[in-house]
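Here's a quick briefing to read with the model open beside you. It starts with a single chain and then moves on to how the copies fit together.

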Amino acid sequence: MKPLKTAAFLLPLIKEKRPLIHHITNFVTVNDCANITLAIGASPIMAVHGREVEEVVLGASALVLNIGTPTSNSVESMLLAGEKANELGIPVILDPVGVGIAKLRSRAADNILSRVKIAVLRGNASEIRFLSGASIDAKGVDSICCGQNDDKIARELAAQLGCVVVITGEWDIISDGKKVYSTGNGHKMLTQITGTGCMISSLIAAFSAVSNNYLAAAMGGVLTMGIAGEAAYHSLGDREGPGTFKVRLFDQVYNLTADTINKFGIVTGR
Amino acid sequence: MKPLKTAAFLLPLIKEKRPLIHHITNFVTVNDCANITLAIGASPIMAVHGREVEEVVLGASALVLNIGTPTSNSVESMLLAGEKANELGIPVILDPVGVGIAKLRSRAADNILSRVKIAVLRGNASEIRFLSGASIDAKGVDSICCGQNDDKIARELAAQLGCVVVITGEWDIISDGKKVYSTGNGHKMLTQITGTGCMISSLIAAFSAVSNNYLAAAMGGVLTMGIAGEAAYHSLGDREGPGTFKVRLFDQVYNLTADTINKFGIVTGR
Amino acid sequence: MKPLKTAAFLLPLIKEKRPLIHHITNFVTVNDCANITLAIGASPIMAVHGREVEEVVLGASALVLNIGTPTSNSVESMLLAGEKANELGIPVILDPVGVGIAKLRSRAADNILSRVKIAVLRGNASEIRFLSGASIDAKGVDSICCGQNDDKIARELAAQLGCVVVITGEWDIISDGKKVYSTGNGHKMLTQITGTGCMISSLIAAFSAVSNNYLAAAMGGVLTMGIAGEAAYHSLGDREGPGTFKVRLFDQVYNLTADTINKFGIVTGR
C-alpha cells in the first residue's frame with residue numbers, strides 16, 4: 001500500500017484508540033500542541049519534570065521531544081523519557097527547534113540523537129541541514145554546502161540515523177533512508193502563525209502511536225496539517241487573517257477524514 | 001437559598017468587585033486560565049516564584065493551586081502561598097491535575113492537602129478517586145474499588161478534608177460533606193480542547209472570591225462552564241470544530257448573566 | 001516628519017525586512033507575543049536560557065525583556081542578553097510587568113535599568129508611576145503622590161533614563177524626555193483579554209527594529225494595537241465577546257497598512 005493510502009487508513013485508528021501522546025516541549029506553543037493532539041483524536045500529556053517523565057511515558061503510545069525552549073532540566077528529562085520510551089518500544093519524535101542558532105541546542109540535539117533511538121526527526125530545512133552537516137563533519141552551520149539537495153540530505157540523514165526524516169517547507173520532504181517522497185499541500189499562511197512545525201510533530205506522533213510504519217505516519221502528520229491549512233485558508237473572508245486562520249486550522253484538523261486525505265493529498269515519490 | 005440561586009446571585013458581584021485571583025498553575029493552560037478569569041469579570045495574576053508568591057497573595061481574593069506541570073520550585077511556591085492564604089483567610093482552590101499518574105504529583109497533592117486548608121478541591125473522577133483512595137488506605141491507584149460510587153467518594157472526601165469537593169464530568173458532582181449535588185450542563189466538545197478543567201477551577205476561584213459559601217461558589221464555576229459550553233456548541237456552524245468552540249466559550253462566559261444561570265442551570269440535590 | 005507619519009512609514013519596512021525579535025518573556029502571554037510579532041510582519045524568537053541568550057541576540061534586531069513571571073534564572077538571562085544587545089547596538093524594550101507588586105520584580109527592574117540601556121520602557125500607569133517614584137526617592141509605592149501628572153512622570157523618567165517612556169491606558173502617553181504625545185486609539189475590550197500590554201511591547205520592538213527613531217517606533221506599536229483593537233471591536237456581532245475579539249485583533253494587526261495608521265491614528269502632541 002502506498003504511504004498516502006496508509007496514512008489515510010491510520011487516521012480513523014487514531015480516533016478509535018485515542019492514544020496518549022507524551023510531550024516534553026517548549027512553553028511557547030505547548031497549548032497549541034495539546035489542542036492539535038486533541039483535534040486529531042489523540043490525547044496529550046505535557047509532563048516535563050525529570051522525576052516523573054519515566055512514569056508518564058509508561059502510559060504513553062508516543063513521545064515528542066521538542067527543544068524549542070531548552071533548559072538543562074528539560075533536556076535531561078528528554079533523555080530520561082527517550083531512553084525509557086526506547087526500552088518500551090514507544091516511538092520517539094524529535095523536533096530540533098532552532099538547532100544551529102545556539103550551541104546549547106546543538107548539544108541537546110546531539111545528546112538526544114546519540115542516546116535515544118528516534119522514529120521520526122522533523123525540522124525545517126535549516127534545522128535538518130544543520131544536523132546533517134554537523135553529523136558529517138562537525139564544522140557547524142558554515143560547513144553546509146549550499147548546493148546540497150534537500151532530498152539527498154533527508155535520505156542520507158535518515159539512512160545514517162535509521163529513522164524517518166521530515167523537512168517541512170513549501171514542499172515537504174519525507175525519507176526513510178531509501179525512498180524519498182515530497183508532499184505539496186499547505187499554504188504560506190501556515191508560516192504566519194507560530195507553532196505550525198511543533199504541531200506537525202504532534203500530529204506525526206499521533207499517527208506513529210497507531211502504526212510502526214513511521215514513513216506513512218510522518219506523511220499522515222504532514223498531509224493533515226497541509227490539507228487542513230489549505231481548507232482553513234480558503235475559508236477566510238475579507239479582513240480575516242492569521243487569528244481566524246489559526247482557529248479554523250483546529251476546526252479543519254478535527255473534521256479531516258481518511259477520504260479527504262486520499263482525495264486531496266499531493267504526494268510525489270522517488 | 002438554594003445553591004443554584006446563590007451561584008446566580010454571586011455572578012454580578014464578581015463583575016462589580018473584580019477580585020484578583022492568584023494562580024500558581026501549569027504552563028500549558030495558563031493563558032486560558034487568565035482569559036477565563038477576565039471573561040467572568042475577575043482579574044488574574046499568575047506569579048509563581050517562591051520569593052514573591054506570599055507578597056502577591058496579600059492582594060488576592062482567591063488562590064488557585066494547579067499541579068498540571070509540577071516542579072520542585074512550583075510545589076514549594078504553592079505551599080508558601082497556600083499557608084499565607086490560610087493565614088489571611090483567602091480561599092484556596094486545589095486542582096490536582098494528573099494526580100495518580102506519577103508519584104511526584106501524588107506527593108505534591110499530599111503535601112498541599114496536609115499543610116494547606118482547601119476551600120474547594122476540583123478534579124475529574126480518576127483524580128478524586130485517587131485522592132480518596134490514597135487518603136483512606138494509602139495503597140495508590142490499585143486500591144480503588146471500581147464499585148465505589150462517585151457521589152459517596154465526593155461526600156466522604158469533603159467531610160474528611162473539611163472542604164467542598166467537585167468531580168467534573170458528564171455529570172458534575174459537588175459536595176460539602178453533607179449534601180451532594182449534581183449538575184448536568186455541558187457538552188462533550190468541552191473534552192475536545194485542553195484546559196477546560198483548569199478553567200473551571202479558575203471560575204470557582206472567582207466565585208469563591210466574593211462569597212464564603214464555597215458550595216454555591218463551586219456550583220457557580222461548574223454551571224458557568226457548562227452553560228457557556230452548551231451555548232458555544234450550539235453556535236457552531238458547518239465545518240466548525242474545537243477551534244471555533246474554544247473562542248466562543250470565552251464569548252459565552254463573558255456574556256453569561258445571573259438570569260441565564262437561573263434559567264438553564266440543571267441541578268439535582270440529595 | 002511628525003512621529004505619526006514616521007510610524008506609518010515604518011510599517012511596510014517591518015514587512016519588508018522581517019526583523020528577528022528576541023523575547024525573554026513570561027510564560028502566560030508568550031504565545032500571543034510570538035503571534036503578534038508574526039502578524040505585524042516580523043519574526044519572533046523566545047529563547048530564555050542563560051547559556052544561549054547571548055548567541056540568540058546576535059541574530060536579532062530588537063530585544064524584549066518582560067518580567068511578567070520572573071525567576072532568578074530569567075532575570076539573569078535578561079541582564080546577559082541586554083548587555084549583549086547594548087554592545088551590539090540592538091534596541092532593548094523593557095516591559096516591567098507587575099513591578100511594585102513584589103520586591104522580586106522591583107529588584108529585577110532596578111537591576112535591568114542599572115545595567116542595560118533601554119530604548120523604550122512601556123508599562124501601565126501604576127508600573128511607570130512606581131518606577132518613577134522609586135527612582136526619585138526610593139520609598140516605593142507609597143511615596144507616589146496621587147496628584148502627580150502622568151505626562152510629567154513620563155517626561156521626567158524618560159529624561160532621567162535617556163529612553164522613550166510609554167504609559168498605556170485609555171489615553172497612551174509617549175515621551176522622549178522632551179516632547180510628550182498622547183494617542184487616543186483603542187477600546188476598553190483590550191482590557192478584557194490578557195497580554196495586550198505585552199503584545200504592545202512586542203509591536204514596539206518590531207518598529208524599533210527598523211528605525212532608531214524610538215519615539216516614532218513606540219508610537220507605531222501603540223497605534224497599531226489601538227487601531228486594530230477598535231476595528232476588532234467594531235467587527236463583533238451579537239453574543240460575541242473577548243474570545244472572538246482576540247482572534248480578530250491578530251487579523252486586524254495583520255491587515256493594517258500605513259494608510260490606516262495615517263487616517264485613523266489619534267495623536268496630540270505637546
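Of the 270 residues in chain A, 64% count as buried, where buried means 20 or more other C-beta atoms within 10 Å of a residue's own, exposed means 12 or fewer, partly exposed is in between, and C-beta atoms are placed from the backbone. Keep in mind that this is a predicted model, where local features need pLDDT of at least 70, side-chain atom pairs count only at pLDDT 80 or more, and totals for chains, interfaces and linings use all residues. Residues are numbered from 1 along each chain as its sequence is written, while chains are lettered from A and ligands numbered from 1 in the order in which they are written.

**Chain A overall**

- Chain A has eleven helices and nine strands; these are DSSP runs numbered from the N terminus, with helices being H or I over at least four residues and strands E over at least two.
- A compact globule of 270 residues would have a radius of gyration near 18 Å, and chain A agrees with that at 17 Å. The radius is taken over C-alpha atoms, and the globule rule is 2.2 Å times the number of residues to the power 0.38.
- Along the principal axes, the C-alpha atoms of chain A fill a box of roughly 45 × 45 × 40 Å.
- Among contacts in chain A between residues at least 6 apart in sequence, 75% join residues at least 24 apart. A contact here means that two C-beta atoms, placed from the backbone, lie within 7 Å.

**How the copies are related**

- Chain A can be laid on chain C by a turn of 120° and a shift of 0.0 Å along the axis, with an RMSD of 0.0 Å. That is the relation of a three-fold axis.
- In chain A, the C-alpha nearest the axis belongs to A:Phe27, 3.7 Å from it.
- Laying chain A on chain B also takes a turn of 120° and a shift of 0.0 Å along the axis, with an RMSD of 0.0 Å. Copies are superposed by least squares on the C-alpha atoms of residues with pLDDT of at least 70 in both.
- Only 12% of the interface residues of chain A are also interface residues in chain B, so the copies meet through different surfaces.

**Chain A against chain B**

- Here 24 residues of chain A are in contact with 22 residues of chain B.
- On the chain A side, α2 (30-40), α3 (53-58) and α10 each supply at least two residues.
- The largest share of that side, seven residues, comes from α10(A).
- By class, the side of chain A that touches chain B has 14 nonpolar, five polar and five charged residues. Ala, Val, Leu, Ile, Met, Phe, Trp, Tyr, Cys and Pro count as nonpolar, Asp, Glu, Lys and Arg as charged, and the others, Gly among them, as polar.

**Chain A against chain C**

- This contact takes 22 residues from chain A and 24 residues from chain C.
- The elements of chain A that give two or more residues to its side are α5 (103-115) and α10 (242-255).
- Once again, look at α10(A): it gives the most to the side of chain A that touches chain C, with four residues.
- That side divides into nine nonpolar, nine polar and four charged residues.

**The nonpolar core**

- Of the 307 residues in the largest nonpolar core, A:Val120, B:Val120 and C:Val120 touch the most other members. Such a core is a set of buried Ala, Val, Leu, Ile, Met, Phe, Trp, Tyr and Cys residues joined through C-beta atoms within 7 Å.
- Leaving aside neighbours within four places in sequence, C:Val120 is in contact with residues including C:Ile93, C:Cys163, C:Ile204 and C:Tyr214.

**Helix α1 of chain B**

- The 15 residues of α1(B) (residues 3-17) should span 21 Å at 1.5 Å a residue, and the end C-alpha atoms are 21 Å apart, which agrees. The expected span is 1.5 Å times one less than the number of residues.
- Among the buried residues of α1(B) are B:Leu4, B:Ala8, B:Leu11 and B:Ile14.
- The elements of chain B that the buried residues of α1(B) pack against include α2 (30-40), α8 (196-208) and β9 (267-269).

**Backbone oddities**

- Most residues other than glycine have a negative phi.
- B:Arg239, not a glycine, has a positive phi of about 70°. B:Arg239 is in the loop between α9 (214-234) and α10 (242-255) of chain B, and counts as partly exposed with 14 C-beta neighbours inside 10 Å.
- C:Arg18 has a positive phi of about 45°, and its place is in the loop between α1 (3-17) and β1 (20-24) of chain C.
- With 15 C-beta neighbours inside 10 Å, C:Arg18 counts as partly exposed.
- In chain B, B:Arg18 takes a positive phi of about 45° just after α1(B).
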